[in-house]
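Biologist: Thanks for sitting down with me. Could you walk me through the charged pairs and the nonpolar packing here?

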Amino acid sequence: QSSVGVYMGKRDFVDHVDSVDPVDGVLLIDPEQLKGKKAYVTLSCTFRYGGDDMDVLGIAFRREIYISIRQIYPPLQDKEQGILTKVQDKLLRKLGVNAYPFFFEFPDNLPCSVGLQPAPKDVGKHCAVEFEVKAFCAESQDAKVRKRSSVRLMIRKVQYAPENLGPAPCVETTRDFLMSDKPLHMEASLQKQTYYHGEPIKVRVKISNDSNKNVRNIIISVEQIASVVLYSNDSYMKAVATEDSGDSVDSGAKLDKVYTLLPLLANNRERLGIALDGKLKHEDTNLASSSIIKEGVLKEVLGILVSYRIVVKLIVGGLKNLCVIYLLLVLLCECVSVCSELEDEVVFEEFKRTNLKGMAEDEDEGNVSTVNIPKKK
């Protein structure tokens with residue numbers, strides 16, 4: 001049995017742009033096993049590049065972007081004096097006298113959880129911004145901590161769509177060709193600027209071909225651009241959805257058509273360098289959300305910047321003649337309102353990997369629980 005255990009109501013914490021959900025939970029201690037030591041909880045944000053087993057002279061790199069530490073036991077103030085969240089209140093009543101609350105607020109300039117998808121054979125290697133809650137017991141917060149005296153829980157900071165969405169993008173261009181008296185005109189537009197993961201994206205393309213060239217094909221794609229700004233300045237540009245329409249527009253003809261694209265992780269699982277929203281162990285995720293850079297925040301602190309654009313490409317005449325338009329869009333998680341009324345019953349879900357068939361026990365997360373609190377219907 002461990003001397004400390006962590007209990008939390010959730011593992012996803014939402015960045016609403018103007019505010020971020022606080023990290024709240026409860027630390028359960030065993031006073032006999034502590035043997036006079038103190039108990040602490042930390043919240044950290046780390047940028048990782050490369051595998052844990054790689055040396056410093058290779059490409060392995062780890063940097064703590066942020067860390068905050070709290071002494072939880074012995075408590076620095078009476079339990080009764082602190083303001084508790086509803087989840088903490090339920091947990092304290094359930095766990096008894098040896099349970100103590102902890103509370104962190106994210107600073108305004110931290111990135112959201114994001115990572116680049118490794119190749120299928122590079123399971124242990126990754127480039128990611130990660131968040132972690134860690135509890136440990138020691139003589140002081142700077143003392144060396146034995147692994148058996150600590151527990152760790154990966155959490156995620158996720159970006160949800162803001163209420164004030166930008167204007168619908170619309171771009172047009174006119175292309176002149178050699179030996180053609182009149183030009184080709186193209187316009188591309190979206191219904192809105194911000195889309196949610198899993199939502200179809202409708203792209204309207206209007207072409208007026210007054211040139212003497214024939215448009216042989218129209219190719220529309222959603223491109224993800226991921227830039228590793230903290231360490232290497234690597235940039236990855238990947239098409240995450242493509243519609244090769246085969247449509248043509250002859251000289252003197254017009255076209256007005258809506259194409260539908262659906263960028264999904266399910267269609268990009270084997271591709272190296274695709275940016276994903278932060279992933280908790282043994283759980284699935286989605287394509288990375290667009291980075292929203294807040295005013296006054298240095299881009300370098302954000303670790304990995306992600307953006308999306310629609311590319312409309314016309315193949316005109318010979319293969320070397322292209323006409324291209326770019327439309328910027330924002331891809332985010334949809335904010336789902338959650339009922340805050342809580343029942344008296346609290347159900348604990350242990351995060352022991354031995355409970356999953358075929359999984360070796362994960363030492364780092366062996367003494368952690370989240371809480372399932374049923375909602376009133």
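Biologist: To begin, how many salt bridges does the structure hold?

Modeller: Keep in mind that this is a predicted model, and side-chain atom pairs count only at pLDDT 80 or more. A pair is included when a side-chain nitrogen of Lys or Arg lies within 4 Å of a carboxyl oxygen of Asp or Glu. On that basis, the number of salt bridges is 10.

Biologist: Let's take one with Arg152. How many residues apart in sequence are the parts that Arg152 and Glu132 tie together?

Modeller: The side chains of Arg152 and Glu132 meet in a salt bridge, with N to O at 2.6 Å. Arg152 belongs to strand 9 (residues 150–159) and Glu132 to strand 8 (residues 125–138), so the parts this pair ties together are apart in sequence by 20 residues.

Biologist: And is Glu132 buried or exposed?

Modeller: Its partner Arg152 has 27% relative accessibility and counts as partly exposed. Buried means under 20% relative accessible area. Glu132 has a relative accessible area of 11%, so the word for it is buried.

Biologist: Which strand holds Arg309, the partner of Glu223?

Modeller: Glu223 and Arg309 form a salt bridge whose closest N and O atoms are 2.9 Å apart. The pair links distant parts of the chain, 86 residues apart: Glu223 sits in strand 14 (residues 215–228), and Arg309 in strand 18. Glu223 counts as buried at 15% relative accessibility. Arg309 likewise counts as buried, and its relative accessibility is 17%.

Biologist: So that I have the name straight, where does Asp247 lie?

Modeller: Asp247 pairs with Lys257 in a salt bridge, the closest N and O atoms being 2.8 Å apart. Lys257 is in strand 16, whereas Asp247 lies in the loop between strand 15 (235–244) and strand 16 (254–261).

Biologist: Turning to the nonpolar packing, which strand gives the most to the largest nonpolar core?

Modeller: That core has 74 residues, and Leu27, Ile155, Val203, Ile218, Ile310 and Val312 touch the most other members. The strand giving the most to this core, with 7 residues, is strand 18.

Biologist: Which domains does this core draw at least three residues from?

Modeller: Ile155 and Val203 are among the residues of this core that touch the most other members. At least three residues come from each of two domains: domain 1 (4–161) and domain 2 (170–332).

Biologist: Finally, which Tyr does Leu27 touch?

Modeller: Leaving aside residues up to four places away in sequence, Leu27 touches residues including Val4, Ala39, Ile72 and Phe102. Also among them is Tyr100.

Conventions: Residues are numbered from 1 along each chain as its sequence is written. This is a predicted model: local features need pLDDT of at least 70, side-chain atom pairs count only at pLDDT 80 or more; totals for chains, interfaces and linings use all residues. Side-chain values use heavy atoms; hydrogens and water are left out. Helices (H or I, at least four residues) and strands (E, at least two) are DSSP runs, numbered from the N terminus. Buried means under 20% relative accessible area, exposed over 50%, partly exposed in between (1.4 Å probe, protein chains only). A nonpolar core is a set of buried Ala, Val, Leu, Ile, Met, Phe, Trp, Tyr and Cys residues joined through side-chain atoms within 4.5 Å. Domain bounds come from an automatic or database domain assignment. Contact means heavy atoms within 4.5 Å.
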